Amino acid sequence: MAEEVSLRPQGQQRAFVQSDADVFRRCTAKFLSLVPREGEEFKIELNILLDELNSLDYQTPKFVDEKLAVGLVCKACELVPLNYELLVTKVCHLLRHLVGFSGQKVVIQGRSLETCVEYVMRAVSVCRPWTLPDILRTLAQLLYQRGPAVAMYLDQLIGPEGLLMQFVQPEYPDLDIKKVAIACVYNLCLQSPEGQTIPDEYLRKVYTILMAVLQTPKPEQVDDILFAKLILCTLQGMRNLLSVTTDIQPGSLGSLLAVCRVYMLYGLPGQTLQVPATLYPTPVSQYDPSPKRATTKDRDSDKEDTSAQSTPRGRRVKKKRQRKQQQTDQDTAKPDVRPMQNTPSWSPAGRAPPVSTPPRSPLKAHDRHRREARGNALLVLSSLVDGSKQYLAAAEETAPKQTAFTPYSVTLGSTVKEIHRCLLLALAAESNVHTLFYLLKCFATLIPNVPYHRLQPGLITKVVRQIRPLLSHKEYDIQVASLTCFHSILSVQAPLQEVTQVMKTVSSTPQVQAKVSQPPSATSSQQLRTEPQQGTNPAKAGDHRETVHVQESVEKMNINSSVETTGQDSTTEGGASSESNKEEGNRERTQIMESESEGVAKVWLLDWCLRMVSLRHAQVMGSTLPIIPVRTEAIQVMTQMAKGYFPFIRPHLAELSQVFCGVLQEQNTALQLQGGKFVEEVGAVLVKEVESTAPESLTDREAADFWVPLLSGPLPSALQNLDHTLLRSCGCQCLANTGAQVFQLLSTDKHILCITLLLGLTNDEEWSVRGAAVHALGVYVLYPCLKEDISFLADVAQACTLGLEEKNLSCRWKAAWSLGNLSNTIVSNNLFNLALKGAADHDKVKSNAVRTLGNLVRFLRPDAFDKINFRQYVEQTAQVLTKCVKTGMAKVRINATLALTVPTLREHFGSKEQFSELWGCLADALVGTERVEDFSEFKYRDTLREQLKSWSGRRTTSGSLQDNT
């Protein structure tokens, strides 16, 4: 066999099969042999070697020698001067290949690490901005899990004049560089492989840096994706930081939670990037039944089996039993909480005895001896009753009779009554604030699901009397939970006669003082209860928490409680005499009662809520008590009261208007939004009251007096709040609820103000605001005082035109609805085009678009059908309506049928063929009503049938003999 002859020179044979390891060793040996010198030739030689080294595939399994790699990077830092910026970036690439997350992962430490870090830090200081992303990425890789090893550079990196501080400032413009600098900062915090971290003072410094970045609003004209990457990087850093430290001040947790809440909803429709200064705790997740988080001890637990706890084995057995009890209670509520599947387990849990003996509750929370067990039992009971409204709807209560058969509805009613009895007993006996909170939460869950109108009156009265004194509890979380219970009471089968009576009950009015509680760890179990029950001995004065008096507005606040508050000694911070304070409070309370006797007295709950909403945080002297959650919940209670019990608030509309003028001007956006929702709800109720024909219905002037102060500044300011999208949307709904009769009574300048604001908001940046503004304009076009304003109608038509071009379905739907209202006022060719376009859109848009077509045809005069320009629109309308009669949602077909009933003459329906085609469509539509695929459409089936039959009857009488044959 002939020997293969190679044409390649001897020195170059098989060079192409050299492995990456061989190339790396060759280049490294050559690099290490270099001697620093001046000149372009040396620069070119460095450039060639660095390019060859960077061209290797470092993602493959490790092929480099550790010692050679460490020597290489140290030599590169020595040879490449910082004024060769291109070569500096190539050295940075090489460092990242060897030290970073590639397959090589060279371990660099000691003096070698210091050499590389110092070189990169000097490069950051002297190199030009275009090199900074590469250099900072390299620094981030060098600092990753090496923070303790470079502790000597911490001041130079993140100190007051630190190298990285300039890049993380809010005003720094380049977000790409800022993102990499943030990565450098949080890589310092990571634990080393040995489990060490940098000192706590620097961890706190990093926390401050990251929080400042997260709280900085998005700069204008900055790409959304780039900003999102910055925030994502910062949140990752915060997660890494929190994984290595727990030394975070409790006062700063609110700010951290506020940041998390804002960015958790980032990018969703209607959400803005306005980060509040702090987030106040809510009663839903404020407390944890875990004994590790408890800050107070229950008296009951001190009496339990002290002898068994004296030995280590006894303590272990006790802890094991507690864990088993907690796990059992939680598992009971886990499997399925759907009402129709979990409620049958009630009967086995507590068999119902004869009606004469009420059945026991499935879980008797007041019989538990441990606070944790009571808390878990209440959580289980809350899970059982949550969503059980359909199941409990059958409950009823009748007079006890000795019968052989007890209906299940009566048994169920007795069970509900027993649950109330057990919870009320537990509420009266509970002294632990955590369990008290869970009791109130359980009541708030139970009340909306109980059919009180089928039970004997009295249950709600007992609940109100027990919860009412807790409005003056020193823990504001208990106040919020109590208000949540009252919100549930006002929303259940409103209006109930029993609720009306219990809200109007007049009794003693103890003075209420705002209190600032000491930290829970400093309190005893005797201090956890603000208001002892009647018949109990008040606690000693020395056992009470230190309280502070509030300025005049708080001192005037009173609660008409049916349970007199006792044992509530309060002292001022300055040590003033309690007797003089008591006399002053009594004198002020007498003045309030005298002033209220002159007019119509408020129901006690409305009076308390109004006083709390009017209270400003700055009025609490020396207090850090966050009362914003209480004020927010009080507004929600008043909103529900306006919805279900309007007679309670009707005599005080003028006062409510003034109070909510102040609420809409608050700095806190949550208060502003809740205030806007209250105004929106009251406006909707006022429209119904004004239009009512009842003898004592509300007058136009009374309703107008409510709106005038709000329109004089607070509401327009809220509509122009560019930082709060939801508030602007809510403001549009408020303007839509003014009502035609009230709007007519307003002055011309108020008319111009409302119209100008709404037309301007149709061009808002947020689609939700644009949709709300177009919807409000659709209401305004029906007002008699605006029907003749041609300019206004033209502006509304333009807004509807833009709305129908929106990408968002909700906006197009509201624009189509407004266009349907506009078609009742004006007819034009442009409207035909828009309505025909809307009839080809989604079913939600189509249902209103076909209504618009019907209205347009209705307002055409008979001679308009002979005009060519209108005839083509009528023919297109007939085709669209014929198609819509057969397919689509029930609302679409009903509106299409109604539109076809508009023409009254036979000649309006075209030729015999067109008339026959229409008849065929109607017949198919009538047959199609037998097939209802969506259950929600079933309730519209009879309406659709009646419309089709009615149209068929009228067309039969108007048709000719030829049509019928």
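In the predicted model, 73% of the contacts between residues at least 6 apart in sequence join residues that are at least 24 apart. The secondary structure of the protein consists of 45 helices and zero strands, and buried residues make up 50% of its 965 residues. The accessible surface comes to about 47,400 Å², and carbon and sulfur atoms account for 52% of that area.

In soluble globular proteins, nonpolar side chains tend to be buried together. In the present model, the largest nonpolar core contains 153 residues, and those with the most contacts inside it are Met503, Leu605, Trp707 and Tyr780. The largest share of this core is contributed by helix 20 (residues 433-446), which supplies 10 residues. A second core, separate from the largest one, comprises 98 residues, including Phe42, Val124, Ile182 and Leu188. When neighbours within four places in sequence are left aside, Met503 is in contact with Phe486, Leu490, Val603, Trp604, Leu605 and Phe648; of these partners, Leu605 is itself among the residues with the most contacts inside the largest core.

Two helices were examined for their length and burial. Helix 19 (residues 408-429) has 22 residues, which at 1.5 Å a residue should span 32 Å, and the distance of 32 Å between its end C-alpha atoms agrees with this expectation. This helix is mostly covered, with 16 of its 22 residues buried. For helix 5, which runs over residues 110-126, the 17 residues should span 24 Å at 1.5 Å a residue, and the end C-alpha atoms, 25 Å apart, agree with that value. The buried residues of helix 5 are Ser112, Leu113, Cys116, Val117, Tyr119, Val120, Met121, Ala123 and Val124, and they pack against helix 3 (66-79), helix 4, helix 6 and helix 7. Val124 also belongs to the second nonpolar core.

The packing of two helices is described by the angle between their axes and the distance between the axes. For helix 26 (residues 604-614) and helix 29 (residues 653-663), the axes come within 10 Å and cross at roughly 30 degrees, and the crossing is left-handed. On the side of helix 26, the residues involved are Leu610, Val613 and Ser614, which meet Glu655, Leu656, Val659 and Val663 in helix 29.

Positive phi values in residues other than glycine were found at lysine 105, where phi is about 50 degrees, and at glutamine 145, where phi is near 55 degrees. Lysine 105 is placed in the loop between helix 4 (85-99) and helix 5 (110-126), whereas glutamine 145 is found in the loop between helix 6 (132-143) and helix 7 (154-158). With respect to solvent accessibility, lysine 105 has a relative value of 53% and therefore counts as exposed, the cut-off for that class being over 50%. Glutamine 145, with a relative accessible area of 31%, is partly exposed.

A buried polar position is provided by serine 847, which lies in helix 40 (residues 843-858) and whose relative accessibility of 8% places it in the buried class, for which the limit is under 20%. Beyond residues up to four places away in sequence, serine 847 touches Lys891, Val892 and Asn895.

Note on methods:
Residues numbered from 1 in each chain as written. Predicted model: local features only at pLDDT ≥ 70, side-chain atom pairs only at ≥ 80, totals over all residues. Heavy atoms only, no water. Core = buried A, V, L, I, M, F, W, Y, C linked by side-chain atoms within 4.5 Å. Buried < 20%, exposed > 50% of the residue type's maximum accessible area, 1.4 Å probe, protein only. Helix = DSSP H or I, 4+ residues; strand = E, 2+ residues; numbered from the N terminus. Contact = heavy atoms within 4.5 Å. Areas by Shrake-Rupley, 256 points an atom, 1.4 Å probe, with all protein chains shown as cover. Expected span 1.5 Å × (residues − 1). Axes fitted to C-alpha atoms, helices over the stretch in contact; angles between N-to-C directions. Left-handed = near helix turned anticlockwise from the far one by under 90°.
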